[in-house]
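This report describes a single protein chain, beginning with one residue and its surroundings and then widening to the chain as a whole. Please keep the sequence and the three-dimensional view at hand while reading.

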Amino acid sequence: AHQLIEASATRPLPLDADSFDAVVVAFVLCSAERTAELLAEARRLLRPGAPLVLAEHVEGAGARRRAQHAIRPLWKPLLGGCDPAKDTASLLRAAGFNVSVLERRELRLPWIVGSGLVGRAPRT
C-alpha cells in the first residue's frame, strides 16, 4: 500500500532509517540550497550498500568550468537557484556515497551545463 506523507524539509522524514532499497535523484541537486542535509537524509533512509540513483549536471572542467563560474551570479537567480558549477561529486562523497562507480558523461543540455554525472552511487 502506498501513502502520501506530508513532511517538512527542515526535519528528517518520518520514515525508518535503513529502510529503502534505492533513492532516485534527478536534476534537482543543482538547485538544492541544503544539499549536504538532503544527501544525509537520503543516506539515512538507504539500507547499507543500497544505491542513490542519480542523473545530474555538474561542474565541468577547463573552459566550461571557467564559464560556469563566470555566469553563476546571473544564472542562479534567473534559473530557480540552479548552480551551474556545483561540485556534486564532492558533496556525494562527503555524504557517504561511493562516487567512483558513477559515470561522467556529456548530457544533451546546453553546453554550459552539459557535464553530467549519472549512475548508482552505493551508500558506504
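Leaving aside residues up to four places away in sequence, Glu59 touches Arg65, Gln68, His69, Pro84, Ala85, Lys86, Asp87, Arg104 and Ser115, where contact means heavy atoms within 4.5 Å. The model is a predicted one, in which local features require pLDDT of at least 70 and side-chain atom pairs count only at pLDDT 80 or more, while totals for chains, interfaces and linings use all residues. Residues are numbered from 1 along each chain as its sequence is written, and side-chain values use heavy atoms, with hydrogens and water left out.

**Glu59 and its partners**

Glu59 lies in the loop between strand 2 (51–57) and helix 2 (62–78). Helices (H or I, at least four residues) and strands (E, at least two) are DSSP runs, numbered from the N terminus. Is Glu59 buried or exposed? Glu59 counts as buried because its relative accessible area is 15%; buried means under 20%, exposed over 50%, and partly exposed in between, with a 1.4 Å probe and protein chains only.

Two of the residues that Glu59 touches, Arg65 and His69, also take part in polar contacts with Glu59. The side chains of Glu59 and Arg65 are joined at 3.2 Å, and the side chain of Glu59 meets that of His69 at 2.6 Å. A polar contact is a pair of N or O atoms within 3.5 Å; within protein, one must be able to donate a hydrogen and the other to accept it, and residues adjacent in sequence count only if both atoms are side-chain atoms.

**The loop between helix 2 and helix 3**

Asp83 is located in the loop between helix 2 and helix 3. With a relative accessible area of 8%, Asp83 is therefore classed as buried. Its side chain makes a polar contact of 2.8 Å with the side chain of Arg72. Beyond residues up to four places away in sequence, Asp83 touches Cys30, His57, Arg72 and Lys76.

Gly81 belongs to the loop between helix 2 and helix 3 (88–94). Its relative accessibility is 27%, so Gly81 counts as partly exposed. With residues up to four places away in sequence set aside, Gly81 touches Cys30, Ser31 and Lys76. Gly81 and Cys30 are 51 residues apart along the chain, yet their C-alpha atoms are separated by 7.6 Å.

**Pairs separated in space**

Val24 is part of strand 1 and is exposed, with a relative accessible area of 65%. Between the C-alpha atoms of Val24 and Ala67 there are 29 Å in space, and the two residues are 43 apart in sequence. Gly62 is in helix 2 and is partly exposed at 39% relative accessible area. Gly62 and Leu39, 23 residues apart in sequence, are 27 Å apart from C-alpha to C-alpha.

**Positive phi values**

Most residues other than glycine have a negative phi. The table lists two residues with positive values.

| Residue | Phi | Place | Relative accessibility |
|---|---|---|---|
| Asp18 | near 55° | segment before strand 1 (23–26) | 37%, partly exposed |
| Phe27 | about 50° | loop between strand 1 and helix 1 (35–45) | 43%, partly exposed |

**The chain as a whole**

The protein chain holds three helices and four strands, and from the N terminus on its elements run β-α-β-α-α-β-β. Along the principal axes, the C-alpha trace spans about 45 × 30 × 25 Å. Why does the radius of gyration of 15 Å agree with a compact globule? For 124 residues such a globule would have a value near 14 Å, so the 15 Å of the protein chain agrees; the radius is taken over C-alpha atoms, and the globule rule is 2.2 Å times the number of residues to the power 0.38.

Of the 124 residues in the protein chain, 38% are buried. Among contacts with a separation of 6 or more, 72% are between residues 24 or more positions apart. The accessible surface comes to about 7500 Å², with 58% belonging to carbon and sulfur atoms; the area is from the Shrake-Rupley method with a 1.4 Å probe, and for residues only the protein chains shown count as cover.

The mean positions of the 17 positive and 13 negative charges of the protein chain are 5 Å apart. Lys and Arg count as positive and Asp and Glu as negative, whereas His and the chain ends are not counted. Each charge is placed at NZ of Lys, CZ of Arg, CG of Asp or CD of Glu.
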